[in-house]
Amino acid sequence: PTTFFALTSVGKKFPDVLTQLGRKHEVGFHGDIHIGFKDQTVAAQEQRIKAMYADLRSVLPDTSAVVGFRAPVEGYDATTEKLLQHYGVRYHVADPNRSEARLPKMAQLDGVDPEEDIVVLPRTQRDDINLYWEKLPVDQLSKAMSNDAALVLENGGLSLLSVHSQNFGTDSALYKALPAHLVYLKQKRNFFWSASAGQVADWWRQRERFRVASRFAGKRLEFDVSVVGKSPVRGGTVLVMLPQKGVTAKVHSTKTTGLKPTIVRLDPYRVAIVFDALPPGNYSYQVTFEP
C-alpha cells in the first residue's frame, strides 16, 4: 500500500494520472505549491489550504477520502495543523524532530474531539534527499534503506520512507536500489504490518481511544479499560504475560455491563485478550491463572 501526496497545482494539470492513482492508492495533500507553510500568516495559510482543496476537487469529485497532508519541505507550524484540522485533514506526515519516539502521536489540538484530532506520523528514517547527498553506490543505497527499516523493526516502531517523484526517475540511483530493498521487506513481511499512511493513522487514533490501567491483586491481575470518544473501538487488545509457562488465563468482568472478550494464546508465555467492539465507557476485569 502506497500513499501519494500531490502538489495540487501540478496534479490538476494531469487529471488522468491523479485519477488513476486515486483508484489504486491513497492520495493526500502536499500543499498547493512546493513552498513551506511555516511562519506564514493565518490568512495566507488558509488561502493556500482552500486553494489545494479547490485544485483537487477539479479532478476528483469526491475528496472526502483525502485526509492526509505532507508539508512541502517539511515546513509547517501550529497554525498549519489547526487550519488543516478545521478543513478536514486527519493526519500529517511530519519531520523526524516532531517526536522523540519512532511512533505516531496525537497533535492534541485544543478544543478538538479525540476522534477528530490530527494524527502526526513522524518521518522515522532517511528520505530520498538525505540518501541522495550521501552519494552511495546502488548496492549500498539498498542496504542503507534496509538498515533503517531494520532499526525500526527492532524497536517495534513506525517505518515511513518518503520519496520525492523528482528523485525517482528510471535513471536514478534510488529507482535502481529499490528492488533489493523490496526483497528485504518481503523477507520480513511476517514481522510488520504494511499499510498506507491513512490506515496507520486510523489505527493509531483507535489505539489512543483505548486506554488500559492494570494492577496485581494477590495472584490475580486486574485491569480497567476506558474507551473515549463517541464510537466503539473494534479489536482492542490487551497483551498479558503469563506468570508461568503454559498456564491458562481466564477473564471475568467485575461489572455487569462488561463485555466478554476472546482469549488468544500467542505462545507459551503470552495471551492476547481481544475485544470485538467496546462502546465508549469504563470497564473492569480480573484475570486468573490456572495450571
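**A pocket, a sheet and a few loop residues**

Hi everyone, let me start with a pocket: 15 residues line the second largest pocket, and those nearest its centre are Trp203, Arg207, Gly235, Thr237 and Leu239. Please keep in mind that this is a predicted model.

How much space lies in the second largest pocket? About 650 Å³. Which elements give two or more residues to its lining? They are helix H8, residues 197-209, strand E7, residues 210-217, and strand E9, residues 233-241. Of the elements in the lining, E9 gives the most, with 7 residues. If you like to think in residue classes, the lining has 6 nonpolar, 4 polar and 5 charged residues.

Let me step back for a moment and look at the whole chain. The protein chain has 8 helices and 13 strands. Its C-alpha trace spans about 65 × 45 × 35 Å along the principal axes. There are 291 residues in the chain, and buried residues make up 40% of them.

Now, back to E9, because I'd like to follow that strand out of the pocket. E9 belongs to an open sheet of 3 strands, in the order E9-E12-E11, with antiparallel pairing. As a reminder, strands of a sheet pair through backbone hydrogen bonds, either parallel or antiparallel. Why is one side of E9 left without a neighbour in the sheet? E9 stands at an edge with a single partner strand, and so does E11, residues 262-267, so each of them has one side with no neighbour in the sheet. From one strand to the next, the twist averages 25°.

Let's take the two pairings in turn. E9 and E12 pair in the antiparallel sense over 8 bridges. One residue to look for here is Thr237, whose bridge partner in E12 is Val274. You have met Thr237 already, as one of the residues nearest the centre of the second largest pocket.

On to the other pairing. E11 and E12, the latter covering residues 270-278, run antiparallel and are joined by 5 bridges. These two strands form a hairpin, with 2 residues between them. Arg265 stands opposite Val271 in E12. Thr262 has Val274 in E12 as its bridge partner. So Val274 turns up in both pairings: it is the bridge partner of Thr237 and also of Thr262.

Before we leave the sheet, have a look at Met241, which lies in strand E9. Is Met241 buried or exposed? Met241 is exposed, because its relative accessible area of 58% is over the 50% cut-off. Met241 and Ala272 are 31 residues apart along the chain, and their C-alpha atoms are separated by 9.0 Å.

Now for some loops. I'll begin with the loop between strand E3, residues 68-70, and helix H4, residues 78-86, where Val73 is found. Glu74 has its place in that loop between E3 and H4 too. What should catch your eye is the backbone. Most residues other than glycine have a negative phi. Val73, however, has a positive phi, near 50°. Glu74 is not a glycine either, and its phi is positive at about 55°. How do they stand in terms of accessibility? Val73 counts as exposed because its relative accessibility is 56%, while Glu74 counts as partly exposed because its value is 22%.

The last stop is Ser99, in the loop between strand E4, residues 91-94, and strand E5, residues 105-106. Ser99 counts as buried because its relative accessibility is 16%, which is under the 20% cut-off. What lies 3.1 Å from a polar atom of the Ser99 side chain? It is the backbone nitrogen of Ala101.

To wrap up, if you open the model after the meeting, I'd start at E9. That strand gives the most residues to the lining of the second largest pocket, and it pairs with E12 over 8 bridges. Then look at the E3 to H4 loop for Val73 and Glu74, and finish at Ser99 between E4 and E5. Thanks for listening, and I'm happy to take questions!

Technical notes: Residues numbered from 1 in each chain as written. Predicted model: local features only at pLDDT ≥ 70, side-chain atom pairs only at ≥ 80, totals over all residues. Heavy atoms only, no water. 1 Å grid on protein atoms, 1.4 Å probe; cavity = no way out; pocket = protein on both sides within 12 Å on 5 of 7 lines; lining within 4 Å. Points joined across faces, edges and corners; volume = space filled by probe spheres on them. Helix = DSSP H or I, 4+ residues; strand = E, 2+ residues; numbered from the N terminus. Nonpolar A, V, L, I, M, F, W, Y, C, P; charged D, E, K, R; others polar. Pairing = 2+ DSSP bridges. Axes fitted to C-alpha atoms, helices over the stretch in contact; angles between N-to-C directions. Buried < 20%, exposed > 50% of the residue type's maximum accessible area, 1.4 Å probe, protein only. Polar contact = N/O pair within 3.5 Å; in protein donor to acceptor, adjacent residues only side chain to side chain.
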